[in-house]
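Got your viewer open? Let's take a walk through this one, a stop at a time.

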Amino acid sequence: KQNGIYGIEEQDPIISLAIVNMIFRGDGKTNMIEGNCFNKWLTAKSENGKIKAEYLDNNKESRIRPITKVMINPPFSQERKEFEFIEQALDQMQDGGVLFSILPIGILVKQGGFIQWREEMLKKNTLLSVVTFPTDLFYPVGTHTLGIYIKRGIPHGKNQKVLWVKVDKDGFIKVKGKRLPHQKEEDQLKEIADLVRDFIKDQTIKVKNKEEFTKVEKIDF
């Protein structure tokens, strides 16, 4: 974890907070950098017999893509579309790597350029799972969100099954304008954590379909 975590953030206060957080946790701080993620690329390198990565300021096609897992929360409603951040992250990854991203629900249902992106994404990658989150997850921000898991570099087959999950409750309630944990509130995120983890590793496992909660189903192309 000292050398394997990499992150790019453009806003000064956020990158400062991220670096301090990583220092307190004892990992990854040296690889958190300030900058525009669309102007940075990573390439693998060997150092003292260990595989690491280094940042490049230009996209050299000869680079070796080093990243195996990505967790990303793209900014919403910016000049660039959220899926552009996903594409940039996928371009840093090895084939077979897994990406998780939080997105507005509209990314998976809107037409126009959004459906074109979905079609192109599925030609090159596999959609493993979609988890719809509670409407108030990012309260007071009103955007309804979901999480998607994508396996990089393996085209999505017509018979490839996807785990669909709809989470309505996460153990929090709104009290005087704040979301606070509540013992009597169900936490469906904990309930599905093991299932999602197991399915990401092996899409052949048996999953019990529960109405309005979990379902394994192919994409209607």
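Start with the whole chain on screen. Of the contacts between residues at least 6 apart in sequence, 62% join residues at least 24 apart. Bear in mind as you click around that this is a predicted model.

Switch to cartoon view next. You should find 4 helices and 12 strands in the protein chain. Line the view up with the principal axes, and the C-alpha atoms fill a box of roughly 50 × 45 × 35 Å. The radius of gyration is 19 Å, which agrees with the value near 17 Å for a compact globule of 221 residues.

Now put a surface on. About 13,800 Å² of the protein chain is exposed, with carbon and sulfur atoms supplying 51% of that area. Buried residues account for 39% of the 221 residues. Colour by charge and you'll get 36 positive and 31 negative side chains; the centres of the two sets lie 4 Å apart.

Hide the surface and head inside. Select Val70, Ile86, Leu99, Leu127, Ile148 and Ile150: these have the most contacts inside the largest nonpolar core, which has 27 residues. To see what feeds this core, colour the elements that each give two or more residues to it: strand 5 (67-72), helix 2 (82-90), strand 6 (93-104), helix 3 (113-124), strand 7 (126-132) and strand 8 (145-151). Which element gives the largest share of this core? That's helix 2, with 5 residues.

Stay in this core and zoom in on Leu127. Setting aside residues up to four places away in sequence, Leu127 touches Leu122, Ile148, Tyr149, Ile150, His156, Val162, Trp164 and Ile219. For the next stop, select Phe76, Val98, Phe100 and Val165, which are among the members of a second, separate core of 18 residues.

Last stop: Lys40. Look for Lys40 in the loop between strand 2 (32-34) and strand 3 (41-47). Is this lysine buried or exposed? Lys40 has 18% relative accessibility, so it counts as buried, the cut-off being under 20%. Show its surroundings: beyond the neighbours within four places in sequence, Lys40 is in contact with Ile8, Ile33, Tyr55, Leu56, Asp57, Gln88 and Gln92. Then draw a C-alpha to C-alpha distance from Lys40 to Arg25; the two are 15 residues apart in sequence and 25 Å apart in space.

Key:
Residues are numbered from 1 along each chain as its sequence is written. This is a predicted model: local features need pLDDT of at least 70, side-chain atom pairs count only at pLDDT 80 or more; totals for chains, interfaces and linings use all residues. Side-chain values use heavy atoms; hydrogens and water are left out. A nonpolar core is a set of buried Ala, Val, Leu, Ile, Met, Phe, Trp, Tyr and Cys residues joined through side-chain atoms within 4.5 Å. Buried means under 20% relative accessible area, exposed over 50%, partly exposed in between (1.4 Å probe, protein chains only). Contact means heavy atoms within 4.5 Å. The radius of gyration is taken over C-alpha atoms; the globule rule is 2.2 Å times the number of residues to the power 0.38. Accessible areas come from the Shrake-Rupley method with a 1.4 Å probe; for residues, only the protein chains shown count as cover. Lys and Arg count as positive and Asp and Glu as negative; His and the chain ends are not counted. The place of a charge is taken as NZ of Lys, CZ of Arg, CG of Asp or CD of Glu.
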